[in-house]
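Subject: Structure handover

Hello,

Here is the structure I promised to pass on. My notes follow below it.

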Amino acid sequence: MKNSEPRLQDKLYSLQVQPPLQSAHYFGRLFSEPWGDNWQKHSKRRRPLRIIYELDVLALPTLLERYSIRHILRQFVDSGHKVDIVVYDHIWYGNADLTSAIMDTFVASLQAISSSNITVHAASDLRKTIDVDTLYASLEMFLLKDMIGSGKGMEKKNSSRSMQDILRQGFSLALWQQLKADVVLTCGPAFFKSHADIAFLEIPRLSEAQGVNSTQGATESQLLFEAVVNIPDQDLTDVYCYMVVTDDAHHGDLAAMLTAQPLETKKQLATVLAAMHFGGLEEGIKVRQAFEAVIAGQSLDDYLPVAFLPGMTLFDALASTDLYSRSELRRLFAGGAVRNIADPTLPLQPDHRDIKHNDVIRIGKKYRLRMCV
Amino acid sequence: MAQTLQAHLLQQGLVSHTVGAVPKQPKLAIVIWAKHPPRLDNAPLITLATIIGNQKPTIYVDDTAARVFCGRTVQEQEFFNNQYRAYGQQHGCPMFFSSELYAQYFGDDVLGALFELAARTSVSRFMRCLPEKKTTIFDTLPSSETMNMLLELLLFEQVSRGCNALVVRHFTQGIVLSHQKVSAKPLPAFVVPKLEDDAAIYGYVAKARKLYPDAVHPANTTVL
């Protein structure tokens, strides 16, 4: 990448770590029809809005989805709206002895956003507030064929599907109406997404990260980083929109960057996300360095240490290693092969002096050197 | 139950067939949907159940499903329930209403019981239970149609607490079969043959009385 090209990193890293609370812009773009562009108009109907999010222990959101949901709910709460979280836990499914640590942690993290504007309900408790008549009336609103399909092979397709799935749709609708929902946040495609009084915000399914390299005991920030780095390229824009989004201008840059350097783009996005959720950009970069060390199968101690004395240029420091002759080194610098792995999009110049302790410098594909300041 | 009686009933055409393993000492129940006032076509069920069980069957009246499907208030349904109470007394049959049973067993969590039952019931089984006339208009059926089956199964579950066999009409056997698949206490059933009109019903009851004059007959009614 030439130095003159716009760097996504400049944009990403320099984003406000707490995204702006421009709800009209932010939410307006997230909503599917029928609210869509009319978000502003609709959002003025009633304040505060009631947002419903249903969490099912048998279909827990993936790590990335959990961060997306938390981020979006935070936006709603910070904009003064009320959130109701309905939890379909093991008690709902009749297994009172089972627990889910992931779900408990996630619910606690959501509650931690705001104790006054976020209310958590157990679906098994709410079930007692809805009678058979109401459930029936809700189910009347769906056509059976829309739920289970029709035509040949339908029976076979539904052979393992339980009737509970169907009742659940009716129950959810009854519940939304009882809770006077304005917005329902769903994860993945919802069956029911057309209602005159309710807007549906659908977060796309973000697959669980594959090939995560974390060793046991990885921190949550490392897990998030790895999850982002491992998402399929086609999901990246979704993650970006739902977890970072600020303004449309970034999307063009993102698309270009994603085409040119998908892995690097993901790393930068992961860095920003880690920064957003775990204490700033410094933490984000630290997580990235740790991740790259793990990927390389090395810890920082495994890299060849190179002294970077005061007054030195990077060229001087690298030349002192005798790994390359000075002419070879000049050629490598000129070819853009010398980079800081924390910021590998930008080739370093021979006179570079901005080196921090434990910065890892990559020279070509062969060497990685740890700078000791 | 003596095997000969079952064979005789089948031979005489009083029983079309049986579903499931019939118990030796059947304690019979009849399930009636309280959508309409008590009707003539219950008479063959009571007559047959009385012959087989040698005592009056227990009648389970599904007033919950009827009320929900007809969109009635509790008070409106009570009008029909009172007619069924009188009907039960007239025939000397013990009677239970689904609304009372659900309140007794599930309190305010009837949906909990319904969901639990729904979890054990597959969609394909529901499809097999749909009457033929409904399959032809499947594309227009609302999903509330599923509640028909589930509420019926839920009542069968309550029936199995007090009785061990059913006497049913022809069109109910699909539900009986489904109940056998999903229940820990499946109920076998004696299926009454199809009776097309009132004359057939009168004929059935008269034949049963003639063949089994010593059975505990239903009390005198206008139709019998």
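Strands β2 (residues 28–33) and β3 (residues 58–62) of chain B run parallel, and five bridges join them. One residue pair shows the register: Ile30(B) has Ile59(B) as its bridge partner in β3(B). Please keep in mind that this is a predicted model.

Two helices belong to this part of chain B. Helix α4 (residues 74–91) of chain B packs on the sheet. It touches β2, β3 and β4 of chain B, and its direction makes about 165° with that of β4(B). Helix α3(B) also lies across β2, β3 and β4 of chain B. Its direction is at about 25° to β3(B).

Now the whole sheet. It is open, has six strands and mixes its pairing. The order in chain B is β1-β6-β5-β2-β3-β4. Which strands sit at the edges of this chain B sheet? They are β1 (17–19) and β4 (95–97) of chain B, each of which pairs on one side only. From one strand to the next, the twist averages 25°.

Chain A has an open sheet of four strands, in the order β6-β9-β8-β7. Pairing is mixed here too. The edges are β6 (304–307) and β7 (338–340) of chain A, and each pairs on one side only. Neighbouring strands are turned by 35° against each other on average, direction ignored. The edge strand β6(A) pairs with strand β9 (residues 367–372) of chain A in the parallel sense, over four bridges. Within chain A, Val306(A) stands opposite Met371(A) in β9(A). As background, strands of a sheet pair through backbone hydrogen bonds, either parallel or antiparallel.

Next, the interface. How many residues of each chain are in contact? On the chain B side there are 32 residues, in contact with 31 residues of chain A. The area buried between the two chains is about 2,900 Å². Carbon and sulfur atoms give 72% of that area. Three residues stand out on the chain B side: Leu111(B), Phe115(B) and Val123(B). Together they supply 24% of the area that chain B buries against chain A, more than any other three residues.

There is polar detail as well. Between chain B and chain A, 12 residue pairs are in polar contact, with both residues at pLDDT 80 or more. Four helices of chain B each supply at least two residues of the side that touches chain A: α3 (63–70), α6 (110–119), α7 (123–129) and α9 (145–162). Helix α6(B) gives the most, with seven residues. By type, the chain B side that touches chain A divides into 18 nonpolar, eight polar and six charged residues.

Salt bridges come last. Side chains of opposite charge can pair when their charged atoms come close. The count over all chains is 14. Two salt bridges cross the interface of chain B and chain A. A salt bridge joins the side chains of Asp133(A) and Arg67(B), at 2.5 Å from N to O. Within chain A, the side chains of Arg50(A) and Asp84(A) also meet in a salt bridge, at 2.8 Å from N to O. This pair links distant parts of the chain, 34 residues apart. Arg50(A) is in strand β1 (residues 50–56) of chain A, and Asp84(A) is in strand β2 (residues 82–88) of chain A.

Best wishes

Key. Residues numbered from 1 in each chain as written. Chains lettered and ligands numbered in written order. Predicted model: local features only at pLDDT ≥ 70, side-chain atom pairs only at ≥ 80, totals over all residues. Heavy atoms only, no water. Contact = heavy atoms within 4.5 Å. Buried area = accessible area lost by both parts, 1.4 Å probe. Salt bridge = Lys/Arg side-chain N within 4 Å of Asp/Glu carboxyl O. Polar contact = N/O pair within 3.5 Å; in protein donor to acceptor, adjacent residues only side chain to side chain. Nonpolar A, V, L, I, M, F, W, Y, C, P; charged D, E, K, R; others polar. Pairing = 2+ DSSP bridges. Axes fitted to C-alpha atoms, helices over the stretch in contact; angles between N-to-C directions.
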